[in-house]
Amino acid sequence: MSIYKRKDGTIYWYKFMWQGRMVRESTKQGNDKVARQMEAAHRTSLAKGEVGIRDKKPVPTMRSFCEQRVEPWAKSTFEQAAPKTWLWYCFGIKSLKNSATLGNLKINEIGPELVAEFASERQRDGLQISSINSCLRALRRVLRLAVEWRVVESSPKVKFLSGEHRRERVISAGEEALYLAAALPLLHDVSVVLFDTGMRPEECHSLRWDNVNWDGGRNGTVLVAKGKTEAARRMLPMSPRVRVVLENRWKLAGKPSEGWVWPAQTKDEHINHDSLKLQHRKALKAAKLRPFDVYSIRHTFLTRLGESGCDVWTLARVAGHSNISISQRYVHPSEDAVLNALSRLTGHNSGHTAETAIPGGSGELLLSTANHEG
C-alpha cells in the first residue's frame, strides 16, 4: 500500500498491486488520511468483486488531440465570436501538430524537459521570443484542456522565455497633444476614444451606435458588447471630449440609431487595425515623436488610471480584464496612498483614538490592560 504526491503536486495518488497488475489512481484529495481511506475502499471493492480493474483510456498524441478535439472546439467557440482568438489558436495548434519534438508524443509523456526542447525547436525555426512564448501559451492551454477534459490527470508547468518585447510605452500628456494635433480627423477621433476609455483597439473599431447611450452617466456611456473574453463586455462612461467626438460624428451621419460608428469598405464593414496604420505613421512623423504602437494608448490609459489611486478591482472592470493579476501591474500605490489607507484604520480595529493612542505626545503607544493581564 502506498500513497504519494507527484513532483510539484498538491494531491495524493495511491498505487498497489492486484492480481499481478498495478493499480494507480488519483484521489484528487490533499488530505493524506482521506487518501488512505479511498485506497482502502478501492482494495475492498476489488476483493468483494464489486468493481474490476479500471482499464485506462488510451492517451492520444499531441497531434491527434489537437486535430480531433482542440481544433474543432476552438473553431466552434471562437471563429465567429472572437476571430483574433481563433487565429491565435490556429497558429498555436499548427506549431504543436507540426512539432518534431511533441507532435507524435502522447500527452502524458510531455514533461518540463520536453517543453523546454519545444521552445528550443521554435528558436531554431527562427521565431522571435514573443512568437515562441505564444506557442508556449498555446501548449499550456492545450495541456490544461487535456486535464479539464480528463484525458490526463495533470499537466507540466510551462515556463516562458525572458526578454519578450512588451508594450510598456507610456505616452505623456504633451506627446498626446502633439499626436492628436498631427492626426487626420479619423485617426484623431478614434485616438481620443482610446485615450479616454482604454478600450482595446478592436473594441473601439467595432463600436455601434446601438451601444451608445447619450443619457447614461454624466456625459453618456458606451457599451463594449464583446471582446476577447467574457469580461470584455462592460459599460464605460464617456469623457466630455469623447462625448463631443462621438456626437459630432453621429450628427454628420444623420443621427442613426444603429450601425457602425466607424464604417469602412472592409470585410467587416468597419475600420480595422490596417485602416489607420499609414495615418498613424504619418502623425508620429509629423509630430516628431518617438514611435509607439496604437495599443500603447490603452497601456497609457490604464497606467494613468492606476496612478490616480484606482483600486485593482475597479481597474480590472474598466479594462475588461478577466483576472485582477493582469491589472495589478498598473496599480502602484504611492507612499502617501499607503499611509492614508493605514490612517483610516487607526483606532478603527483597535479602539484607540488620537487622544488615547499617543498620550502626552510621547510618541509611544500604550498597551491595553488586557495585553498586560495576558
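Here is a friendly set of questions and answers about salt bridges and one buried serine in this predicted model.

Reader: How many salt bridges does the count come to?
Author: Happy to start there! A pair counts when a side-chain nitrogen of Lys or Arg lies within 4 Å of a carboxyl oxygen of Asp or Glu. By this rule, the number of salt bridges is 16.

Reader: How many residues apart are K97 and E71, which meet in a salt bridge?
Author: The side chains of K97 and E71 come together with an N to O distance of 3.3 Å. K97 sits in helix α3 (residues 83–97) and E71 in helix α2 (residues 62–78), so to speak of distant parts of the chain is right. Their separation in sequence is 26 residues.

Reader: Is K97 buried or exposed?
Author: The cut-off helps here: buried means under 20% relative accessible area. Its partner E71 has 25%, which makes E71 partly exposed. K97 has a relative accessible area of 16%. Because that value is under the cut-off, K97 is buried.

Reader: Which residue forms a salt bridge with R234?
Author: Look at strand β6 (residues 234–237), where R234 lies, and then at helix α8 (residues 201–205), 31 residues apart from it in the pair. The closest N and O atoms of the two partners are 2.8 Å apart. R234 is buried, at 1% relative accessible area, and the partner is buried too, at 4%. That partner is E203.

Reader: What is the N to O distance in the salt bridge of R200 and E203?
Author: Both side chains are out of the way of the probe: R200 counts as buried at 4% relative accessibility, and E203 is buried with a relative accessible area of 4%. The side chains of R200 and E203 meet in a salt bridge with an N to O distance of 2.7 Å.

Reader: Is S327 buried or exposed?
Author: First find S327 in helix α13 (residues 324–327). Leaving out residues up to four places away in sequence, S327 touches V312, L315, A316 and H321. The relative accessible area of S327 is 0%, and because buried means under 20%, S327 is buried.

Reader: Which residue's side chain does a polar contact of 2.7 Å join to that of S327?
Author: Good one to finish on! Among the residues that S327 touches are V312, L315 and A316, along with the one you want. The polar contact of 2.7 Å joins the side chain of S327 to that of H321.

Methods: Residues are numbered from 1 along each chain as its sequence is written. This is a predicted model: local features need pLDDT of at least 70, side-chain atom pairs count only at pLDDT 80 or more; totals for chains, interfaces and linings use all residues. Side-chain values use heavy atoms; hydrogens and water are left out. Helices (H or I, at least four residues) and strands (E, at least two) are DSSP runs, numbered from the N terminus. Buried means under 20% relative accessible area, exposed over 50%, partly exposed in between (1.4 Å probe, protein chains only). A polar contact is a pair of N or O atoms within 3.5 Å; within protein, one must be able to donate a hydrogen and the other to accept it, and residues adjacent in sequence count only if both atoms are side-chain atoms. Contact means heavy atoms within 4.5 Å.
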